[in-house]
Each structure stands twice: as C-alpha cells, then as structure tokens.
Amino acid sequence: MGDDSFMNKCLICREEIKPFISFGKMPLGNGFLLPEQFAEEYYFDMDAAFCSNCKMFQLVQQPDEEQMFHENYAFFSGSSVFMAKHFQKFAEDVIKNYLPDDPFVVELGSNDGIMLKNFADQKIRHLGIEPSRNVAEAAKGKGVECVTEFFTESLAEKIVREKGQADAFLAANVMCHIPYLHKVVKGIATLLKPTGIVMFEDPYLGDVLKKISYDQIYDEHTFLFSATSIQYLFGQYGMELVDIIPQKTHGGSMRYVLSNKGTRDITEAVTEQLSYEKENKFDRKDTYDNFKQNCEKSRDKLVELLKDLNTQGKRVVGYAATSKSTTILNYCGIGPELIEFISDTTPIKQGKYTPGSHIPVRPYSDFKDNYPDYAVLFAWNHAEEIMAKEQDFLKSGGKWIVFVPDVKILE
Ligand code: DWN
Ligand code: SAH
C-alpha cells in the first residue's frame with residue numbers, strides 16, 4: 001500500500017482513474033501494413049477511462065507519437081470534398097470575424113493544408129505545424145508554409161522570436177490527439193497575442209455517448225472533449241471559453257472558441273452547453289457503464305449481421321479504410337472471412353492490409369467495377385457525401401450496412 005505505481009493517473013489533473021471499458025489489444029488505427037509486417041505488428045491495450053475530478057474522457061495507455069505520426073502517415077485530409085468545403089467556411093469565419101489588419105495565423109496539425117490553403121490563397125501570413133512529413137509536403141505543394149515538427153513550448157518560443165505572436169491559433173482534429181495537453185496549452189499561451197483567439201474542433205464526447213460511435217476511440221484519439229473538460233484545462237492558464245459551436249463533421253464535433261479571460265464577451269451557448277452536460281450526466285459513472293453495455297450490444301449485432309450474410313453467401317465489402325474502422329474490426333473480431341476487401345481512395349493505403357484484422361485494402365475501382373451485394377460504410381461520418389455519389393451502387397441492387405447509431409441494413 002502507499003505505492004501508486006500501479007495506479008493510472010488522469011493526464012490532465014493527475015487524480016487516480018480506473019478504466020471502465022477495455023477494447024482489448026489494438027493495433028495503430030492508421031497502421032496499414034504488408035503481409036511481411038504481420039508478425040511484427042504493434043499492439044497496445046486500449047482501455048478508456050473517465051476522470052471524475054476534471055471530467056476528461058481519455059485513453060489509459062497510448063503508443064508513442066512518433067509511431068503514429070511520421071513520413072508515411074496514411075490520412076490525407078483532402079480525401080473528403082465536403083471537409084475541404086467545411087475548412088473553407090471555417091477559414092472565412094476566422095478571417096471575417098476574428099482577424100485584425102496584417103494578421104498571423106498558426107494551425108496545429110495542418111496535414112495537407114486543407115485549412116491553411118484558404119489563408120495562403122489570400123496572402124495571409126500563416127504557419128502550419130505538422131510532424132507527418134508526407135502530408136506536410138503535400139501542403140507545401142499548395143503554397144502553404146509549415147514546419148515539420150511536433151508542437152512544443154520551445155517551438156512556440158521559436159515561432160514568436162522569428163515571426164511574432166499569432167492573432168489566431170487554429171486546430172482541427174488534433175488537440176484530442178496529444179496526451180501532453182498542459183504543454184500544448186502553455187505553448188499556446190506563449191504563442192498567442194494577448195488579444196488573440198484560439199479556435200479548435202474535435203469529436204464531441206456527447207455525440208459519441210449518444211450515437212454509440214465507439215469507433216471514435218482509437219490510438220490517435222487520446223481524449224474525447226466536452227465543454228466542461230476544456231473549460232477546466234484552459235482555465236488553469238488564464239483562458240476561458242467564449243463560444244462553442246456544434247459541428248456536423250466527423251459524426252458530431254464541437255468547435256471551442258477561447259481567449260484570455262476578460263478580453264471577450266461570453267456567448268450564452270457556453271453556459272447552455274455546460275448546463276447540458278450536467279443535465280445529461282456526463283459526470284456520472286452510470287453514463288459510462290451504460291455506454292459500455294451499448295458498445296457490447298452494437299458489437300454483437302454487427303457480428304451477427306455479417307455472419308448471417310456470410311451464411312447466405314452474399315458478397316460484403318467495406319467502404320473506406322478509416323482509422324475508426326480499426327477499432328470496429330478488432331473489437332468485433334471481423335476479418336477477411338466476413339469482409340472481402342475494403343475500398344479506399346488513398347493511394348498509400350491501397351495494396352496494404354487493415355491493422356490487426358488484415359483485410360485487403362483495394363482501390364476504389366475494385367468497388368465501382370464489380371459492385372458487391374453489401375457495403376459496410378466505415379466512413380459513416382461522410383455518409384452525405386458518399387451517398388450522393390454512389391447512386392449506381394443502389395441501382396445495381398447493392399445495400400449499405402451502417403452501425404452508427406444503430407446496426408442496420410439501409411433499405
Ligand atoms: O482525427 C482524425 C480524422 C480527422 O481523420 C485522424 N486521427 C485520422 C482520420 O480519421 P479517419 O481515417 O477515420 O477519417 P475519415 O475522414 O472518416 O476517413 C478517411 C478515409 O476514407 C480515407 O482513407 C479516404 C476514405 N474515403 C473514401 O475511400 N471514399 C473517404 C471518402 C469521403 C470517400 O468518398
Ligand atoms: N487538421 C486535419 C488533420 C487531422 S489528423 C483535419 O482535421 O483533417 C491529425 C493531424 O495532426 C495529423 O496530420 C498529425 O500528423 C498531426 N499531429 C499529431 N500530433 C501532433 C502534434 N503534437 N503537433 C502538431 N501536429 C500533430
């Protein structure tokens with residue numbers, strides 16, 4: 001007793017946390033690989049916990065960041081046309097409502113430049129911070145300036161020395177990826193002008209709980225944020241939420257707008273969201289016990305459906321080899337015996353196999369040229385975009401299988 005070396009501690013407030021769900025051994029969400037790499041494949045224990053003190057939902061262990069983000073990172077943001085439009089609107093909002101004259105904008109996790117391109121095109125001074133070299137190179141090809149590094153306080157100091165402080169600090173689907181958030185927020189505080197604005201968006205805990213979209217939990221997603229947990233974290237560095245705007249992207253996200261305390265008016269949306277989270281018992285243990293049971297039910301139903309179709313001799317393929325699908329396939333124990341292949345438009349994934357489950361990833365033409373009976377929509381978050389362009393699949397008699405919020409065949 002007294003030895004806390006076996007205790008798990010919250011990454012944000014250091015209180016003891018206990019995992020409420022285990023998804024089992026999990027490979028890297030974006031670890032698409034070749035057969036000669038199967039024997040050496042990396043796995044970690046994917047357990048999730050909710051901190052009853054600071055209210056942060058988090059993974060208990062995660063791989064090192066260099067294992068996930070490197071020169072062969074498999075996700076290119078530009079793979080969704082709808083997301084490109086989303087980031088264009090995001091940039092327009094920043095430019096119209098938040099930037100002074102001659103502004104300087106910094107984006108964390110700028111990937112292939114999907115957001116910053118909109119600033120570069122308007123000759124606005126900007127800098128992307130993107131450690132995955134291949135996607136950063138794609139951004140540079142679009143005229144986007146970026147550094148290929150992980151964000152640290154010393155990088156923030158270097159940027160201030162060389163380029164001055166930023167008027168806006170932006171991030172999408174990356175803050176939730178970084179376990180050492182205290183260092184990140186300290187870096188933001190250094191980097192930002194006293195009057196500057198911080199805007200970032202990530203999948204919202206409330207949507208995951210409500211839709212049972214447990215596939216949002218994978219190695220790269222260290223956290224699922226809420227207004228409550230973000231207010232707690234940034235509050236420690238003299239910042240506060242001034243606005244909060246729900247987004248449809250990635251199956252339900254939240255955009256957090258923050259600034260130094262007292263520099264801006266706080267919208268009613270912030271108070272309303274904080275109350276909503278309390279009323280909906282985001283801070284209660286039973287909420288997470290229910291979520292766990294719902295995940296198990298969803299898993300069992302999907303496996304039963306796929307086994308049933310297999311017994312009937314139907315052809316089933318997957319549509320889009322997403323990072324999220326790594327959680328589904330491994331947690332449910334679904335492999336090539338149930339899903340023939342997964343079609344994906346990203347060249348770097350094609351010809352490889354899915355992490356852990358080892359289902360072949362094939363080019364989109366393999367789907368288009370020989371429609372299956374059923375396609376599992378792994379990129380369910382892009383359903384609107386995909387359904388709009390896949391009318392011929394339905395006309396051929398093909399059907400979609402979805403699993404969020406319910407496992408079902410779309411009729
Ligand atoms: O947080 C993250 C989000 C922003 O992106 C990252 N950690 C990793 C990644 O997650 P994901 O892989 O689950 O993202 P998407 O956007 O749901 O899936 C993208 C994949 O889907 C790409 O491999 C391309 C593919 N895709 C396709 O084959 N046909 C996508 C669309 C829209 C399509 O029509
Ligand atoms: N913002 C894009 C990309 C999200 S994927 C979008 O919303 O589509 C997450 C990105 O964050 C990856 O490109 C990854 O390389 C980058 N990333 C991961 N850890 C980071 C860190 N510590 N600092 C900066 N970028 C990071």
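The following legends describe close-up views of a predicted model.

**View 1. Surroundings of ligand 1.** Ligand 1 is surrounded by 24 residues, of which Glu220, Lys324, Lys349, His382 and Lys389 come nearest. Polar atoms of the ligand pair with several side chains. An oxygen atom of ligand 1 is 2.7 Å from an N or O atom in the side chain of Asp344, and a polar side-chain atom of Lys349 lies 2.7 Å from an oxygen atom of ligand 1. On the side chain of His177, an N or O atom is 2.8 Å from a nitrogen atom of the ligand. Taken alone, ligand 1 exposes 720 Å², and the protein buries 97% of that area. The shell around ligand 1 divides into 7 nonpolar, 11 polar and 6 charged residues. Helix H13 (residues 383-389) supplies the largest share of this shell, with 3 residues.

**View 2. Surroundings of ligand 2.** Around ligand 2 there are 22 residues, and Ser77, Glu130, Ser132, Ala172 and Asn173 come nearest. Two side chains and one backbone position are shown with their distances to the ligand. For Glu130, an N or O atom of the side chain is 2.6 Å from an oxygen atom of ligand 2. For Ser132, the corresponding distance from a side-chain N or O atom to an oxygen atom of the ligand is 2.7 Å. Ala172 takes part through its backbone, where a polar atom is 2.8 Å from a nitrogen atom of ligand 2. The protein covers 98% of the 570 Å² of accessible area that ligand 2 has on its own. By residue class, the shell of ligand 2 comprises 13 nonpolar, 6 polar and 3 charged residues.

**View 3. The buried residues of helix H8.** Within helix H8 (residues 227-235), Ala227, Ser229, Ile230, Leu233 and Phe234 are buried. These residues lie on the same side of H8, because they cover an arc of only 165 degrees around the axis. Their packing partners include both helices and strands. The helices are H6 (181-191) and H9 (268-279). The strands are E10 (192-203), E12 (239-247) and E13 (253-260).

**View 4. His182 in helix H6.** His182 lies in helix H6, one of the elements against which the buried residues of H8 pack. With a relative accessible area of 18%, His182 falls under the 20% limit and therefore counts as buried. The side chain of His182 makes a polar contact of 2.6 Å with the side chain of Tyr237. Not counting residues up to four places away in sequence, His182 touches Leu11, Ile12, Leu233, Gln236 and Tyr237. Among these contacts, Leu233 is also one of the buried residues of H8.

**View 5. Lys211 and the cis peptide bond at Pro405.** Lys211 is found in helix H7 (residues 205-211). At 23% relative accessibility, Lys211 counts as partly exposed. Beyond residues up to four places away in sequence, Lys211 touches Gly251, Gly252, Val404 and Pro405. The last two of these residues, Val404 and Pro405, are joined by a cis peptide bond with omega of about -5 degrees. Pro405 is placed in the loop between strand E18 (399-402) and strand E19 (408-409). Lys211 and Asn294 are 83 residues apart in sequence, while their C-alpha atoms are 9.6 Å apart in space.

**View 6. Two non-glycine residues with positive phi.** Asp102 has a positive phi of about 45 degrees although it is not a glycine. Asp102 is found in the loop between helix H2 (81-98) and strand E6 (104-108), and it is exposed, with a relative accessible area of 58%. His250, likewise not a glycine, has a positive phi of about 50 degrees. The loop that holds His250 runs between E12 and E13. In contrast to the exposed Asp102, His250 is buried, with a relative accessible area of 16%.

**View 7. Gln312 after helix H10.** Gln312 is found in the loop between helix H10 (285-311) and strand E14 (316-319). Its relative accessible area is 46%, and Gln312 is partly exposed. Gln312 and Asp219 are 93 residues apart in sequence and 35 Å apart in space, C-alpha to C-alpha.

Technical notes:
Residues are numbered from 1 along each chain as its sequence is written. Chains are lettered from A and ligands numbered from 1 in the order in which they are written. This is a predicted model: local features need pLDDT of at least 70, side-chain atom pairs count only at pLDDT 80 or more; totals for chains, interfaces and linings use all residues. Side-chain values use heavy atoms; hydrogens and water are left out. Buried means under 20% relative accessible area, exposed over 50%, partly exposed in between (1.4 Å probe, protein chains only). Helices (H or I, at least four residues) and strands (E, at least two) are DSSP runs, numbered from the N terminus. The arc is that of the directions from the helix axis to the C-beta atoms. Contact means heavy atoms within 4.5 Å. A residue is near a molecule or strand if one of its heavy atoms lies within 4 Å of it. A polar contact is a pair of N or O atoms within 3.5 Å; within protein, one must be able to donate a hydrogen and the other to accept it, and residues adjacent in sequence count only if both atoms are side-chain atoms. Accessible areas come from the Shrake-Rupley method with a 1.4 Å probe; for residues, only the protein chains shown count as cover. Ala, Val, Leu, Ile, Met, Phe, Trp, Tyr, Cys and Pro count as nonpolar, Asp, Glu, Lys and Arg as charged, and the others, Gly among them, as polar.
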